[in-house]
Amino acid sequence: MSSECPDVVVIGSGPNGLAAAVTAARAGLQVVVYEAQPTIGGGARTADLGLADGVVHDVCSAVHPLAVVSPFFAAFDLPSRGVDLLLPEASYAHPLEGESAAVAWHSLDRTAAELGVDGSRWRDLFLPLLEAPDAVVALGLGSKRGVPSEVLNARGAAAASSFVGSVAKVARTGGSGLFSGTRARALLGGVAAHSPGQLGTLSSAGVGLMLAMTGHLGGWPIPQGGSQAIVDALVADIEAHGGSFVTSAHISDSSQLPPARAYLCDTTAEAAAEIFAEHLPASVKRGMNSLGHDSGVAKVDFVLSGPVPWRDQNVGRAGTVHLGGTWSEIAASQHAVARGVMPPSPLVLASDPTVADPSREVGGLRPLWTYAHVPLGCSIDVTEHVVRQVERFAPGFRDVVVASRCVPASRMSEHNANYVGGDIAAGSVDAYRLVARPRLAWDPYSFGLVRTVDGMTARVALCSAAAVPGPGVHGVCGYEAMHTVLRKTFGIHEHISLSPGLAADI
């Protein structure tokens with residue numbers, strides 16, 4: 001597709017692919033990024049869906065708790081690049097029938113005070129983690145290949161111990177193991193269900209506790225103007241350091257790519273294995289194809305004539321709302337999805353960005369972002385399922401709906417090839433697969449492959465959510481994969497500065 005010979009080729013322009021490209025360009029390497037879609041950004045794009053003039057929607061990710069704690073984004077420094085990360089008054093909320101909603105405020109004390117009988121237990125759960133949150137993040141977003149330096153001190157070790165113990169207890173006993181009341185259980189269950197699969201697993205417990213901690217740490221921000229603001233900042237930095245992009249370029253075989261010294265795949269593991277199939281040892285190819293996929297999501301975007309009429313007004317102060325009822329209801333729906341059965345009342349995640357960003361309202365109309373957990377590959381239009389779930393807790397919601405569009409799980413890959421069957425995690429997520437991701441190997445990124453192209457040797461690596469540490473808009477997969485390639489292929493071992501306006505610090 002190109003006659004140029006870059007140092008690094010990145011396939012896919014999601015946040016991880018862009019993180020890899022930023023790091024390579026800052027190291028002084030010539031980088032080109034190939035993207036199958038006409039626009040850059042993967043799961044972090046914002047687009048006009050044609051539902052109402054001037055109203056834009058986030059294509060996949062909309063709220064970014066991991067952007068606050070990610071080591072990549074901390075180094076990249078989004079605010080200094082003009083990306084306004086706006087904080088709703090509450091991080092997330094969980095409405096219930098017959099009682100007041102459970103709300104995760106930024107303040108741990110305020111949240112605990114409103115949880116009644118379980119307030120002290122909620123505080124006791126998260127206070128030790130907040131004493132050394134960097135240790136918890138290092139466990140969650142680390143490579144799982146050693147002991148992070150952040151836990152090698154008294155405070156870090158104590159926080160890590162509390163985190164591991166709480167994960168084990170939640171996985172073993174569910175919400176009832178920590179709380180006696182409905183509201184605290186539901187509040188934790190909703191955030192734990194961000195992890196694909198069933199509640200009561202180590203992966204869902206770990207994801208839930210870390211995300212819940214961020215709600216009391218830096219909040220769950222919404223980028224002003226939409227997630228595209230993050231993408232645009234990454235693209236601007238890549239281009240400023242000599243990188244380039246090729247869009248509408250679907251790569252299915254390595255012969256379509258120019259010669260380079262390194263190829264990084266922001267793709268699913270099986271897609272990467274297919275692209276480089278003729279160069280892969282059989283054992284590596286089997287490993288790359290073994291990751292598999294769990295459940296899916298179906299996306300429903302709405303245009304509303306006003307705010308969602310939540311029965312409990314505090315819900316409208318949160319940037320993210322979990323709609324699924326009690327812990328038991330969520331567990332039942334997640335269990336059905338895992339078995340391939342469409343639940344009558346699926347878990348729904350909803351976000352009205354106008355709660356934090358008034359600029360998203362245009363002419364009195366505003367977007368509402370939602371998705372529902374459904375079986376992998378499900379072709380059902382879930383619009384009515386979502387409307388019913390919202391109506392349970394916001395009577396009159398139908399009256400403010402002006403327009404809507406559903407993308408069933410079976411069609412999610414049409415706008416992002418990584419979302420096979422609606423799997424936005426790019427592969428199975430369980431305790432084993434958070435370590436053996438995409439396969440069991442000491443280096444979780446490299447294919448262990450050296451490829452010859454026109455007499456050049458090249459390294460191929462996976463840098464997507466199909467590698468450790470897994471899904472989420474944090475950029476760590478791309479950041480760490482590129483650092484591995486820099487060391488092994490280019491002999492660059494020094495720290496690469498990502499600070500705005502600075503070149504490589506090597």
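Which residue in S15 does Phe 302 stand opposite? In this predicted model, Phe 302 stands opposite Ser 404 in S15. The pairing belongs to a set of strand contacts centred here on S11, described below after the overall features of the chain.

The protein chain comprises 16 helices and 17 strands. Its radius of gyration is 22 Å, which agrees with the value near 23 Å that a compact globule of 506 residues would have. Along the principal axes, the C-alpha atoms fill a box of roughly 70 × 55 × 45 Å. Of the 506 residues, 60% count as buried. The accessible surface of the chain amounts to about 17700 Å², and carbon and sulfur atoms account for 52% of that surface. When contacts between residues at least 6 apart in sequence are considered, 75% of them join residues at least 24 apart. The chain carries 34 positive and 45 negative charges, and the mean positions of the two groups are 7 Å apart.

Strand S11 spans residues 296-304. Because 9 of its 9 residues are buried, S11 is largely enclosed by the rest of the structure. In a regular strand, side chains alternate between the two faces of the sheet. In S11, Gly 296, Ala 298, Val 300, Phe 302 and Leu 304 point one way, while Val 297, Lys 299, Asp 301 and Val 303 point the other way. The residues of both sets are buried, Lys 299 and Asp 301 among them. S11 pairs with two strands described here. With S14 (residues 366-374), the pairing is antiparallel and extends over 9 bridges; within it, Gly 296 stands opposite Val 374. With S15 (residues 401-407), S11 likewise runs antiparallel, the two being joined by 6 bridges.

Strand S14 also pairs with S13, in the antiparallel sense and over 4 bridges. In this pairing, Trp 369 of S14 is the bridge partner of Ser 351. Strand S13 (residues 348-351) is covered on both faces: Val 348 and Ala 350 lie on one side, Leu 349 and Ser 351 lie on the other, and all four are buried. A further antiparallel pairing, over 3 bridges, links S13 to S12 (residues 318-323). There, Ala 350 of S13 is the bridge partner of Val 321. S13 is thus paired with S12 and with S14, and S14 is in turn paired with S11.

Among the helices, H6 (residues 133-141) has Pro 133, Ala 135, Val 136, Val 137, Ala 138 and Leu 141 as its buried residues. These residues pack against helices H2 (65-69), H3 (71-76), H5 (119-130), H7 (154-173), H9 (202-215) and H16 (476-490).

Two of these packing partners, H5 and H9, were examined at the level of single residues. Thr 214 lies in H9 and, with a relative accessibility of 1%, counts as buried because this value is under 20%. Beyond its neighbours within four places in sequence, Thr 214 is in contact with Pro 65, Val 69, Gly 219 and Trp 220. Pro 65 and Val 69 fall within the range of H2 (65-69). Ser 120, by contrast, is found in H5 and counts as partly exposed at 46% relative accessibility. Between Ser 120 and Gly 226, the separation is 106 residues in sequence and 36 Å in space, C-alpha to C-alpha.

Notes. Residues numbered from 1 in each chain as written. Predicted model: local features only at pLDDT ≥ 70, side-chain atom pairs only at ≥ 80, totals over all residues. Heavy atoms only, no water. Rg over C-alpha atoms; globule rule 2.2 N^0.38 Å. Buried < 20%, exposed > 50% of the residue type's maximum accessible area, 1.4 Å probe, protein only. Contact = heavy atoms within 4.5 Å. Areas by Shrake-Rupley, 256 points an atom, 1.4 Å probe, with all protein chains shown as cover. Lys, Arg positive; Asp, Glu negative; His and termini not counted. Charge placed at Lys NZ, Arg CZ, Asp CG, Glu CD. Pairing = 2+ DSSP bridges.
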